[in-house]
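Trainee: Could we go through this structure together, with the reasoning behind each label spelled out?

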Amino acid sequence: MPSLGLTPDVMSYNAVIDACARIGDVTRAEGWLDKMKAAGTAPNVVSYSSVLHACARSCDASLAERWLTRMEKEGAEPNAICYNSVINAWCKEGNMRRAAYWLKQMSERGVQPTVNSYSTIIDKLAKAGDIDAAESWLARMAEAGVEADAVSYNMLFSACSKTGDCARASKLFDEMMKRNVVPNTICFNLLINTHSRQGDVSGVLCRLRQMREQGIQADRVSFNTTLKAFARCSDPKAADQLLEEMNAAGMKPDVSTYNAFIAVCMRAKDAKKAECWLNRMSKAGVKADAVSYCTMIDAFAQSGELHRAEQWLEKMEESGLQVGSSTYGLLMNAVAKMGDISRVERIFQRMEQANVEVSGSTYNALISACARKGDVDRAEFWLKRMLKSTTQADVASYSSVIHACAKANDLLRAEAWIEQMEQDGVQANVVTYNSAINACARCGDVTRAEHWFHKMVKQGFQPGVLTFNSLVNACAKALDVDRAEKWLQDMPNFGIQPDDVTYSTVIHACGAAQEPQRADNWMRTMLSKLYGKGDKPSSFCYNSLAQAWVRGGDVDRAIHWLSEAERLGVEVSMASLNSVVSALTRARRHEEAELWSGKVNRNSAARNPRADKPRPRATRHERGGKAE
């Protein structure tokens with residue numbers, strides 16, 4: 001401007017100083033103020049407020065204070081904007097005490113604080129998570145006669161939103177309404193987010209209704225935030241209500257919205273309703289994506305409708321969408337849990353035909369399904385096939401086959417797979433060793449069971465109660481009561497306490513070895529160690545002990561334990577009742593035998609209710625038309 005023969009006026013200088021302030025360049029802002037004065041142009045309050053604004057943006061509160069003092073000395077009276085800049089600068093530095101000091105100074109010097117004066121402090125405290133202090137400043141603001149606006153409340157709603165404090169947010173909203181502060185869309189969106197963080201579906205729907213009733217337009221953020229609340233929702237009616245609110249707001253649901261509705265139905269285990277949503281989605285012209293199909297497959301898989309789940313897999317394949325390994329795996333895992341090995345294998349073949357890479361978890365689901373069925377041959381077939389493929393077998397792959405061998409009582413086969421596993425460089429884990437010990441137990445091979453136990457401990461694995469129960473069971477099968485007792489007594493040395501299965505197995509072992517008194521002693525030990533007032537052992541314990549006493553020739557002790565079982569409401573088996581009746585008959589105690597025989601009949605009737613019912617009289621037609 002000087003090159004053109006023009007002299008800059010105060011507005012020109014202020015524009016340059018303001019530009020420097022907006023980028024927080026204090027040095028240049030100060031420089032232009034000095035140039036302004038040197039040129040003989042007197043700075044005004046706007047000039048100084050821009051420099052103060054630059055100080056605030058650069059978080060230099062001390063410098064801002066000095067400039068406020070300087071402007072007063074130079075004859076410029078600070079206004080609310082100047083004080084607000086100093087307050088803002090101290091808030092940015094986190095010195096709330098100093099910010100409060102300047103707010104007080106502002107009032108004492110006759111400058112009326114504005115909503116921004118208080119909101120700056122409220123915002124800083126709310127963002128720091130000190131909602132109590134922020135609320136306190138909101139109250140002080142009202143006492144000072146400064147009307148809060150929606151922005152002031154939004155600062156507090158934002159803090160509540162971060163913590164999911166619905167009660168506090170609702171209280172603040174009620175207070176806001178009483179003070180006639182008009183909420184805006186942001187206000188409601190923050191409230192919706194607060195409810196969403198708590199999974200409060202009814203809360204978010206209530207806020208959407210309030211928005212509509214107050215004539216405030218809900219936007220895409222409102223509904224996207226609402227959907228967060230539906231992440232754990234299992235109420236299909238709530239999905240219908242949300243769709244109504246979206247229609248009322250003129251907002252069309254997108255694919256993610258429909259997927260959320262489908263997921264709600266899946267969690268409600270209502271596959272048919274989920275299917276209805278997908279059909280509505282199609283009619284609305286919204287194309288289903290991979291998530292839509294996967295959710296449908298999962299919904300029918302969880303409801304046990306595997307045929308329908310497979311149909312949706314076929315539809316997904318036909319849609320042209322890329323069906324990934326995880327989608328096939330989703331269905332395979334569900335089918336595997338149902339034990340339908342043929343169907344699992346059929347899905348596996350479809351994966352191969354679609355040239356989808358088969359993951360380790362997919363192979364493991366198939367091997368595990370075979371193992372649960374005790375089908376060792378098929379479990380081995382799929383593990384061998386996995387080993388020939390590029391997919392790496394892991395400890396779960398081998399452990400499942402070893403478990404299958406254990407269920408089939410094939411100890412040699414189980415041990416052969418453990419050796420193969422070690423040769424392949426796969427480290428066995430607790431599950432592997434437990435399966436091996438269980439295989440030994442089922443075969444009654446105590447020596448091999450102890451071998452695998454010692455190897456397990458040597459490898460640094462902590463045995464659990466299942467490990468010891470299998471060891472005790474191995475001893476019981478071999479009728480080696482001494483060893484069974486030894487392992488039970490050794491459990492505390494490994495930090496494990498015997499459970500009811502451990503004691504029950506030892507009691508049964510003693511009975512099988514025809515040592516009823518020993519079994520009796522362990523029963524009493526179990527009762528003293530495990531069961532408090534109102535608790536009771538399983539029926540297996542009582543029945544095993546009673547039958548042991550019958551075999552030992554002491555029917556009275558058997559009657560004692562069966563009577564105790566009846567008193568506690570524990571089921572007495574038919575075998576126990578019959579053994580007592582036989583023993584009493586042999587002892588010529590006929591009246592007692594008749595009494596216990598009555599219990600046999602009642603027990604039988606309870607098991608087969610139809611047996612006691614009188615047959616209905618035949619109709620005339622059924623009698624061949626003959627009169628009585």
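Mentor: Let us start in the loop between helix 15 (255-267) and helix 16 (271-283), where lysine 269 is found; helices here are DSSP runs of H or I with at least four residues, numbered from the N terminus. This is a predicted model, in which local features need pLDDT of at least 70 and side-chain atom pairs count only at pLDDT 80 or more, while totals for chains, interfaces and linings use all residues. Residues are numbered from 1 along each chain as its sequence is written, and side-chain values use heavy atoms, leaving out hydrogens and water.

Trainee: Why does lysine 269 count as exposed?

Mentor: Buried means under 20% relative accessible area, exposed over 50%, and partly exposed in between, with a 1.4 Å probe and protein chains only. Lysine 269 has 58% relative accessibility, so it counts as exposed.

Trainee: Why is asparagine 409 called partly exposed?

Mentor: Its relative accessible area is 40%, and therefore asparagine 409 is partly exposed. This asparagine 409 sits in the loop between helix 23 (395-407) and helix 24 (411-423).

Trainee: What is the phi of asparagine 409?

Mentor: Asparagine 409 has a positive phi of about 60°, although it is not a glycine, and lysine 269 likewise has a positive phi, near 60°. Most residues other than glycine have a negative phi.

Trainee: Why does arginine 372 count as partly exposed?

Mentor: Arginine 372, which lies in helix 21 (residues 360-372), has 39% relative accessibility, so it counts as partly exposed.

Terms used. Helix = DSSP H or I, 4+ residues; strand = E, 2+ residues; numbered from the N terminus.
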